[in-house]
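You asked for some notes to read alongside the model, so here they are. Keep the 3D view open and click on each residue as it comes up.

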Amino acid sequence: LTGDMHDDYVAVLMDVQLPDINGVDATKRVCSFEAENKRHRVPIIAMTAHALTGDREKFIAVGMDAYIP
């Protein structure tokens, strides 16, 4: 999400296992962009097919707002 495109979204469904960058790193980039540019927070919802104990807490800690296993 960059520039004006950021304002077009009400939420992001973030795949935790993206092919080029994992969802945790992508979330950190989005959160940094929002903070640096004083943008409103777009809720990020983590999604994964490989649910492990502790995943929810890990994803919430990096800035995701919810988790769908």
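The points below go through the strands, the charged contacts, a ring pair, one backbone angle and a surface patch.

1. Before anything else: this is a predicted model, so read each point as a description of a prediction.

2. Start with the strands. β1, which covers residues 12-15, runs parallel to β2, and four bridges pair them. If you want one spot to look at, find M14: its bridge partner in β2 is A46. To get from β1 to β2 the chain passes through α1, and this β-α-β crossover is right-handed.

3. Now go to the other pairing of β2. Its partner here is β3, again in the parallel sense, with three bridges. A handy landmark is M47, which stands opposite I68 in β3. Here too there is a right-handed β-α-β unit, made of β2, α2 and β3.

4. Stay on β2 and look at where its side chains go. Which of them are buried? I44 and A46 are, and they point to one face. I45 and M47 point to the other face and are not buried.

5. Next, the charges. How many salt bridges does a search of the whole structure find? It finds two. One is between the side chains of E34 and R41, at 2.9 Å from N to O. E34 has a relative accessibility of 2%, so it counts as buried, given that the cut-off is under 20%. R41 has a relative accessible area of 40%, so it is partly exposed.

6. The other salt bridge joins D65 to R41, and the closest N and O atoms are 2.9 Å apart. This pair links distant parts of the chain, with the two residues 24 apart. D65 sits in the loop between α2 (55-61) and β3 (66-68), while R41 sits in the loop between α1 (23-36) and β2 (44-47). Because the salt bridges share partners, E34, R41 and D65 end up in one network. D65 is partly exposed, at 40% relative accessibility.

7. There is one aromatic pair in the whole structure. It is made by F59 and Y67, whose ring centres are 5.4 Å apart. Is the pair stacked, edge-to-face or tilted? The planes meet at 50°, so it counts as tilted. Both rings belong to buried residues: F59 has 2% relative accessibility, and Y67 has a relative accessible area of 17%.

8. Here's a backbone detail to check. Most residues other than glycine have a negative phi. K38 is not a glycine, yet its phi is positive, at about 50°. You will find K38 in the loop between α1 and β2. K38 is exposed, with a relative accessible area of 76%.

9. Last, the surface. Which residues make the nonpolar patch of about 270 Å²? They are L13, M47 and I68. L13 belongs to strand β1 and is exposed, with a relative accessible area of 57%. You have met the other two already: M47 is opposite I68 in β3, and M47 points to the face of β2 where the side chains are not buried.

Conventions
Residues are numbered from 1 along each chain as its sequence is written. This is a predicted model: local features need pLDDT of at least 70, side-chain atom pairs count only at pLDDT 80 or more; totals for chains, interfaces and linings use all residues. Side-chain values use heavy atoms; hydrogens and water are left out. A salt bridge is a side-chain nitrogen of Lys or Arg within 4 Å of a carboxyl oxygen of Asp or Glu. Buried means under 20% relative accessible area, exposed over 50%, partly exposed in between (1.4 Å probe, protein chains only). Two strands pair if DSSP finds at least two bridges between them. A crossover is right-handed if, with the strands pointing away from the viewer, the path from the first strand over the helix to the second runs clockwise. Rings of Phe, Tyr and Trp (its six-membered ring) pair if their centres lie within 6.5 Å; planes under 30 degrees apart count as stacked, over 60 as edge-to-face and the rest as tilted. Patches are made of residues with over 30% relative accessible area and no salt bridge: like charges are joined within 9 Å, nonpolar side chains (Val, Leu, Ile, Met, Phe, Trp, Tyr) within 5 Å. Accessible areas come from the Shrake-Rupley method with a 1.4 Å probe; for residues, only the protein chains shown count as cover.
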